[in-house]
Amino acid sequence: MDFPWKQSWLTKSRSQAEKPSPSGSWARYRKILLVNPPMEKFGAEFMMDDVPIRLEYLAAYIRKHVEWVDVVDLTRETQPLIYFLKKLNPDLVGISANYMSVHGNALEHAGIARRFGADVVVGGYQATALAAVFAAHPDVDYVVRGEGEETLLELIQNQPLAQITGLSYQQDGQVINNGDRALIADLDSIPFPERDRRHCTYNSPFMDLESDLSTAYDIIITSRGCWGKCKFC
């Protein structure tokens, strides 16, 4: 993982004026930390490591529009979130909330990031299904519903909040759910996930049933969505 620790970042206040991003546009946020929170072990998640490929897709999509973006996988790190916040000083922390088993930890880490002084955006399956719950939480500034690439980029680029489809947030004590964002029609327009910035491998003990060793594995996403739209899912 390529952390810009040797650079000296000025502390950002929540009222700091926006500045141009590397792409030349005026940005709401310029230093982005994407976080995969640890999971509680009460579901089938014990069967394999949770590869944060969703965050790696987001990092690749927004990289050229920000000063820096990095992914921290707290399921594999030995240091807590506050360690990375102090080292990197992000102005926006994105937290992946994909499963029931990360719901509580996602909100706990949102609180840590907010107390540090960063804004917080939450996304993923769980956050999409319970967008109003997450958006109403005092430690969450934004919820990205559904596919996150375009919504997160518009949020970073300082588009008016009311015009960002797929976004939920609080305004005057009320949860605002903007309209749903259309699915990305051309999946080939999305850059490949930034696997090359990892500093660990991921394992699945159930990949090799012939031995008692965990087998290294990775994930390839060949499509998005599902035709079924089952209510229980």
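1. Two strands count as paired here if DSSP finds at least two bridges between them. With that in mind, look at S5 and S6, which pair in the parallel sense over 5 bridges; Leu92 has Asp119 in S6 as its bridge partner. Helices (H or I, at least four residues) and strands (E, at least two) are DSSP runs, numbered from the N terminus.

2. A word on the basis of this note. This is a predicted model, with local features needing pLDDT of at least 70 and side-chain atom pairs counting only at pLDDT 80 or more, while totals for chains, interfaces and linings use all residues. Residues are numbered from 1 along each chain as its sequence is written, and side-chain values use heavy atoms, with hydrogens and water left out.

3. Now the overall picture. The secondary structure comes to 6 helices and 11 strands. Of the 233 residues, 46% count as buried, where buried means under 20% relative accessible area with a 1.4 Å probe, protein chains only. Among contacts (heavy atoms within 4.5 Å) with a separation of 6 or more, 69% are between residues 24 or more positions apart.

4. The sheet deserves a good look. It is open and has 7 strands in the order S4-S3-S5-S6-S7-S8-S9, with mixed pairing. S4 and S9 (174-177) are the edge strands, each pairing on one side only. From one strand to the next the twist averages 20 degrees.

5. S3 is a good strand to inspect next. It pairs in the parallel sense with S4 over 6 bridges, and Leu34 stands opposite Val71 in S4. S3 and S5 also pair in the parallel sense, over 4 bridges, with Ile95 in S5 as the bridge partner of Val35. Both faces of S3 are covered: Lys31, Leu33 and Val35 are buried on one side, and Ile32, Leu34 and Asn36 on the other.

6. At the other end of the strand order, the sense changes. S7 (residues 142-144) and S8 (residues 167-171) run antiparallel, joined by 3 bridges, and Val144 has Leu167 in S8 as its partner. S8 and S9 are antiparallel too, over 4 bridges, with Tyr169 opposite Ile176 in S9. These two strands form a hairpin with 2 residues between them, and Asp172 in the turn has a positive phi of about 55 degrees.

7. Why is helix H1 (residues 53-62) described as largely enclosed by the rest of the structure? Because 10 of its 10 residues are buried. Its cover includes S3 (31-36), S4 (68-73), S5 (92-96) and H6 (149-156). H1 lies across S3, S4 and S5, running at about 170 degrees to S3; axes are lines fitted to C-alpha atoms, for helices over the stretch in contact, and angles run from 0 to 180 degrees between N-to-C directions.

8. Finally, the largest pocket. On a 1 Å grid over the protein atoms alone, a pocket is an open set of points where a 1.4 Å probe fits, with protein on both sides within 12 Å along at least five of seven lines; lining residues have an atom within 4 Å of a point. Its volume is about 1600 Å³, and 40 residues line it, with Tyr125, Thr128, Gly146, Glu147 and Gly225 nearest its centre. H1 gives the most to the lining, with 4 residues. The lining divides into 19 nonpolar, 11 polar and 10 charged residues.

Terms used. Buried < 20%, exposed > 50% of the residue type's maximum accessible area, 1.4 Å probe, protein only. Points joined across faces, edges and corners; volume = space filled by probe spheres on them. Nonpolar A, V, L, I, M, F, W, Y, C, P; charged D, E, K, R; others polar.
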